[in-house]
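Please work through the exercises below with the sequence and the model open beside you. Try each task before reading its solution.

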Amino acid sequence: MKKIAILLFVVISVVSCTKEDTQTVVNNSLKVINKTSGEEIKDGDVLTFNSISSQGSGNMLKFYFKNTSATPINTKIRFVSFSGVPDSSYLSICIGAQCLSSIATGYSYPLNSEPIITVPANGTIGYIEDYKIFNTSTPIPPATAVNYNFEAFQHDANGNEVGNKVRFTYKYQQ
């Protein structure tokens, strides 16, 4: 009887661990990819730019979202904070054809009134569309750099955050 109980415990433990491992993979299915370099933007990355030209692409972070799971996911990008300038009036974010230049900390884009970004199963979105972030301001002394902090995240149909987040910093430094 003890052997059966121990065997049952081992089987339940193995099944529980397998379920958790599967859930972890699904929860980490959102990837943000730097379109210019092709490299994954990882949680905590700082991407540095040294141009503020409104004409060129030297100040643009072009990116797209990648889904590594077998089911579609919804995603947004939140503007978390900034430093080195008094406000975010020289910051723009483009999601497809819509470019926003009135970006407020704490807000997620696209806004709730706008279409949802759904990344297909094992697919990408934003590669063909123009997803980009750019700055056209120099730091205000004594600051020596402009930092904009963002967070890409998954959400469910009700807008509740689920899965992993990718936090990164867009940095302009002369």
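The exercises that follow go from the overall make-up to single residues.

This is a predicted model, in which local features need pLDDT of at least 70 and side-chain atom pairs count only at pLDDT 80 or more, while totals for chains, interfaces and linings use all residues. Residues are numbered from 1 along each chain as its sequence is written, and side-chain values use heavy atoms, with hydrogens and water left out.

**Exercise 1. Describe the make-up of the protein.**

Begin with the elements, where helices (H or I, at least four residues) and strands (E, at least two) are DSSP runs numbered from the N terminus. The protein has 1 helix and 13 strands, and the order from the N terminus is α-β-β-β-β-β-β-β-β-β-β-β-β-β. Next, take burial, where buried means under 20% relative accessible area, exposed over 50%, and partly exposed in between (1.4 Å probe, protein chains only). By that rule, 39% of the 174 residues count as buried.

**Exercise 2. Find which strands pair with β1, given that two strands pair if DSSP finds at least two bridges between them.**

Start from strand β1 itself, which covers residues 30-34 and is largely enclosed by the rest of the structure, because 4 of its 5 residues are buried. On one hand, 5 bridges join β1 to β4 (residues 60-67) in an antiparallel arrangement, and Lys 31 has Lys 66 as its bridge partner in β4. On the other hand, 2 bridges join β1 to β2 (residues 40-41), again antiparallel, with Ile 41 as the bridge partner of Val 32. Finally, look at the turn: β1 and β2 form a hairpin with 5 residues between them, and Gly 38 in that turn has a positive phi of about 80 degrees.

**Exercise 3. Locate the disulfide (a pair of cysteine sulfur atoms within 2.5 Å) and compare the burial of its two ends.**

A search of the whole structure gives 1 disulfide, formed by Cys 94 and Cys 99 with their sulfur atoms 1.9 Å apart. The link is right-handed, with 105 degrees about the S-S bond. As for burial, Cys 94 is buried at a relative accessible area of 0%, whereas Cys 99 is partly exposed at 46%.

**Exercise 4. Work out the surroundings of Asn 74.**

First place the residue: Asn 74 lies in strand β5 (residues 73-83) and is buried, with a relative accessible area of 14%. Then list its contacts (heavy atoms within 4.5 Å); leaving aside neighbours within four places in sequence, Asn 74 is in contact with residues including Ile 116, Thr 118, Phe 153 and His 155. Last, consider side chains, since the side chain of Asn 74 makes a polar contact with that of Thr 118 at 2.8 Å; a polar contact is a pair of N or O atoms within 3.5 Å, where within protein one must be able to donate a hydrogen and the other to accept it, and residues adjacent in sequence count only if both atoms are side-chain atoms.

**Exercise 5. Identify the cis peptide bonds and place their prolines.**

One cis peptide bond joins Tyr 109 and Pro 110, with omega about 0 degrees, and Pro 110 is in the loop between β8 (108-109) and β9 (117-119). Another joins Pro 141 and Pro 142, with omega about 15 degrees, and Pro 142 is in the loop between β11 (132-135) and β12 (145-155).

Conventions:
A disulfide is a pair of cysteine sulfur atoms within 2.5 Å. Two strands pair if DSSP finds at least two bridges between them.
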